[in-house]
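Ready for a few exercises at the structure viewer? Have a go at each task before reading its solution.

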Amino acid sequence: MIDVSLLGWLLVTLTSPLALVLLLVALGSVAYLGVTALEAAPRRRGARAVGTGAAACALAAGMVGLRVGAGAGATVPTAAVGIAAAAAIGATAACAWTFGARAAAALGAARARRSAAALRAGDERRRLLAASQRAYAEGDDLAAETAAADDAVARLRAAVGSLAGARAALEAKRAGAQDGPQSEERPEASALAEDLARACDEAALKLSMGQRVLAAAEAAALRIACNAPLRRLLRRRPREATQALATLGAGALAPAAASIEAFLGEVRAARAEVVEIAERRAPGAPGAPGEDGATGPEGAEGPAALALRELAAMESAYGALLERLRLAELHASARASVEQVESAAGALSATARAAEIDPAAIGALVTEIARAESAVAAAAPEAGGSRALAEALAAGSGALDRSDATSLAELIAALRELR
C-alpha cells in the first residue's frame, strides 16, 4: 500500500507499484495533451508565463509537502510524482489561459456584433420613422390617394366609353334592320326587331347610369384633389410655435412669428394649387373657380369653393395671430426700452445721490478752518480780528443750520477775507 499525502493530508492510497506507474503515466499524458493543444492553438501572449509559473508553484508545493510512500525509499516516487504533477498543472494552466482568453475574445466579439447590429437596427428604425414623419408632413399618402382616385375615374371613364360604343353599335344595327327589306309576314324579323329594341333600351339605361356614376366619381376625385392641400396644411400647421407661446412667453414671439409667416406662405400656395386643380380637372363644371376666384352658378357648394373658403378662413386666423404677435413684439421692445431707460436713470440717480455733499462734512470742514484761523490769529493777533472772526463763524453756522444755499466756496472766501 502506497499513501500519497500533501501537507499531512491523505490524498489517495495506491494498492501497488503498478498503480503508481499508472498515476505517473496519467499525469504525463495530461501534460503531453496540454502541450499538444497549446502547439495547435494560436499563440496567446502570457500563456507561457502562466504555465511556467503554475508549474513552478506546484513543484515547490510538492517538494515541501508531497509524500508518496513512507520510509527512505519515498524520495524517488515523491520526486517523480511532484514533477509529473507540476508539468500537468502547468500545461493545464497554460491551456486554461489560452482557451479562456480565446473564449473571452469570442464572447466580446459576439457582444460587439450584437451591439453594432442593435445600433444599426436603431438607426434604421429612426431613419424609417423620420422618413415616415417627413412623408406624412409632405402628404405623400394624400398624393397616392389622389392618384388612386384618378386611376379609378380613368378606368370608369374607359368602361363608360366602351358602353357608349356598344350602344352605338346596337343603334346602328337596329337602324340597318329597320331600313332593310322586311316582310311583315315573317315572324323572325319581328322578333329580331323587338330584341334589338330591347337591347338598345337596356344599353341606353346602363349608359345613363354609368354616366351618372362617372359624374359622381369625377366629383369625388375633384373633392379629394381639392381637399389634399388643406389636409396637408392641417398636418404642417405650426403647433410647436403656438405651444412655445404658451410655455415660453415673450422669448418665443420672434420664432413663432417667423414660423407662422412661413405657414401663411404655404396657405397662399395651397390656394393657388386648389385653383389650378379645379381649372385643370373640371373646367366649366360646378365648383370650378374662374380667373378671379368666382364660381359658377352652383359653385358655392363645389369642392374647390369649399376648400378655398377653408383656406381663406385659415389664412385669416393665422394672419390675425401674426398681427397680434407683431404688436406683442413692439410692446415687448418698447417695454425693454423703458426698462433700459429706467435702469440707466436708476444708475444715474444712485451715482448722483452718492455724489451729494454731506452737510455734516461741510460743517466739520468749516469748523476745522475756523480753528486753524483762530490758531493763526492767536499767534499774530490783530485789532478787531476776533470780533470779525466770531461774526463770520456765527454767519456760517446760521447758514448751515437754516440749510441756506450758501456754497462752501463763499464760506471759505469769507474766512479768507478775515485774514
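The exercises below work through a predicted model, starting with its sheet and ending with its salt bridges.

**Exercise 1. Work out the strand order of the sheet and which strands stand at the edges.**

Solution. Begin with β1 (residues 2–6) and β2 (residues 9–14), which run antiparallel and are joined by five bridges. These two strands form a hairpin with two residues between them, and Leu7 in the turn has a positive phi of about 55°. Next, pair β1 with β3 (residues 66–68): this pairing is antiparallel too, over three bridges. You can check both pairings at Ser5, which stands opposite Leu10 in β2 and has Arg67 as its bridge partner in β3. Another checkpoint is Leu6, opposite Leu66 in β3. Put together, this gives an open sheet of three strands in the order β2-β1-β3. β2 and β3 each have a single partner strand, so they stand at the edges and one side of each is left without a neighbour in the sheet. From one strand to the next, the twist averages 15°.

**Exercise 2. Find which strands helices α1 and α2 touch as they pack on the sheet.**

Solution. Take α1 (residues 17–40) to start with: this helix touches β1, β2 and β3, and its direction makes about 110° with that of β2. Then turn to α2 (residues 47–65), which touches β1 and β3 and whose direction makes about 60° with that of β3.

**Exercise 3. Is Thr98 buried or exposed, and which residues does Thr98 touch?**

Solution. Locate Thr98 in helix α3 (residues 75–138). The cut-off for buried is under 20% relative accessible area. Thr98 has 2% relative accessibility, so this residue counts as buried. Leaving out residues up to four places away in sequence, the contacts of Thr98 are Leu38, Ala41, Pro42, Arg44 and Ala47.

**Exercise 4. Identify the elements that build the largest nonpolar core.**

Solution. This core has 24 residues, and the members that touch the most others are Cys226, Leu233, Val274 and Met314. Two or more residues come from each of α5 (187–236), α7 and α8 (303–355). The largest share, 11 residues, belongs to α7. Now look at Met314: beyond its neighbours within four places in sequence, Met314 is in contact with Leu230, Leu233, Leu234, Phe263 and Val267. A second, separate core has 11 residues, including Ile2, Val4, Leu14 and Leu20.

**Exercise 5. Compare where the partners lie in three salt bridges: Glu218 with Arg157, Glu261 with Arg326, and Glu276 with Arg280.**

Solution. As background, side chains of opposite charge can pair when their charged atoms come close. The structure holds 13 salt bridges.

- Step one: Glu218 and Arg157 meet at 2.7 Å, N to O. Glu218 is in α5 and Arg157 in α4 (residues 140–179), 61 residues apart, so this pair links distant parts of the chain.
- Step two: in the bridge between Glu261 and Arg326, the closest N and O atoms are 2.6 Å apart. Glu261 lies in α7 and Arg326 in α8, so the pair ties together parts 65 residues apart in sequence.
- Step three: Glu276 and Arg280 meet at 2.5 Å, N to O. Both residues lie in α7, four residues apart, about one turn of the helix. Glu276 is partly exposed at 38% relative accessible area, and Arg280 is partly exposed at 47%.

To finish, look for the network of salt bridges that links Glu138, Arg236 and Glu266.

Definitions and conventions. Residues are numbered from 1 along each chain as its sequence is written. This is a predicted model: local features need pLDDT of at least 70, side-chain atom pairs count only at pLDDT 80 or more; totals for chains, interfaces and linings use all residues. Side-chain values use heavy atoms; hydrogens and water are left out. Buried means under 20% relative accessible area, exposed over 50%, partly exposed in between (1.4 Å probe, protein chains only). Contact means heavy atoms within 4.5 Å. Two strands pair if DSSP finds at least two bridges between them. A nonpolar core is a set of buried Ala, Val, Leu, Ile, Met, Phe, Trp, Tyr and Cys residues joined through side-chain atoms within 4.5 Å. Axes are lines fitted to C-alpha atoms, for helices over the stretch in contact, and angles run from 0 to 180 degrees between N-to-C directions. A salt bridge is a side-chain nitrogen of Lys or Arg within 4 Å of a carboxyl oxygen of Asp or Glu.
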